[in-house]
Amino acid sequence: MTSKLTEKQKATLWQQRRAASYQASCRLAGYSYSEALIDAEHAEERLESLRRQYGG
């Protein structure tokens, strides 16, 4: 028995397909695409920096 996807699952699936399509399009056009990689510690530092900057 198959179950229907929730709206959140549909949105997530659409975002994943959109990202994959964009990456494939970039490869076809000859552009190199690299996803930014950041670990949890650096992400937390960046968030704190942005919160200080924007008063959040």
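## Close-ups of a two-helix model

**View 1. E7 sits out in the open.** With a relative accessible area of 60%, E7 is exposed, since anything over 50% gets that label. Keep in mind that this is a predicted model. E7 belongs to helix α1, and so does K10, three residues away, or about one turn of the helix.

**View 2. E7 and K10 make a salt bridge.** Here the two side chains meet, with 3.4 Å from N to O. Side chains of opposite charge can pair when their charged atoms come close. The K10 end of the pair is partly exposed, at 42% relative accessibility, whereas E7 counts as exposed. The structure holds two salt bridges; the other partners turn up in the next view.

**View 3. E48 pairs with R51 in helix α2.** The closest N and O atoms of this salt bridge are 3.1 Å apart. E48 and R51 are three residues apart in α2, so about one helical turn separates them. Both ends are partly exposed: E48 has a relative accessible area of 34%, and R51 comes in at 39%.

**View 4. Four acidic residues form a negative surface patch.** The members are D39, E41, E44 and E45. One of them, E41, has its place in helix α2, which runs over residues 40-54. E41 counts as exposed because its relative accessibility is 55%, and the cut-off is over 50%.

**View 5. D39 comes from the loop.** This patch member lies between α1 (7-29) and α2. D39 is partly exposed, with a relative accessible area of 40%. Look back along the chain to A19, 20 residues away, and you'll find the two C-alpha atoms separated by 21 Å.

**View 6. Zooming out, the chain has two helices and zero strands.** That's the whole count for helices and strands. The C-alpha trace spans about 45 × 40 × 20 Å along its principal axes. The radius of gyration is 17 Å, while a compact globule of 56 residues would have one near 10 Å. Just 2% of the 56 residues count as buried. About 5700 Å² of the chain is exposed, and carbon and sulfur atoms supply 54% of that area.

**View 7. Positive and negative side chains have separate centres.** The chain carries 9 positive and 7 negative side chains. Take the centre of each set, and the two points lie 14 Å apart.

Note on methods. Residues are numbered from 1 along each chain as its sequence is written. This is a predicted model: local features need pLDDT of at least 70, side-chain atom pairs count only at pLDDT 80 or more; totals for chains, interfaces and linings use all residues. Side-chain values use heavy atoms; hydrogens and water are left out. Patches are made of residues with over 30% relative accessible area and no salt bridge: like charges are joined within 9 Å, nonpolar side chains (Val, Leu, Ile, Met, Phe, Trp, Tyr) within 5 Å. Accessible areas come from the Shrake-Rupley method with a 1.4 Å probe; for residues, only the protein chains shown count as cover. Lys and Arg count as positive and Asp and Glu as negative; His and the chain ends are not counted. The place of a charge is taken as NZ of Lys, CZ of Arg, CG of Asp or CD of Glu. Helices (H or I, at least four residues) and strands (E, at least two) are DSSP runs, numbered from the N terminus. Buried means under 20% relative accessible area, exposed over 50%, partly exposed in between (1.4 Å probe, protein chains only). The radius of gyration is taken over C-alpha atoms; the globule rule is 2.2 Å times the number of residues to the power 0.38.
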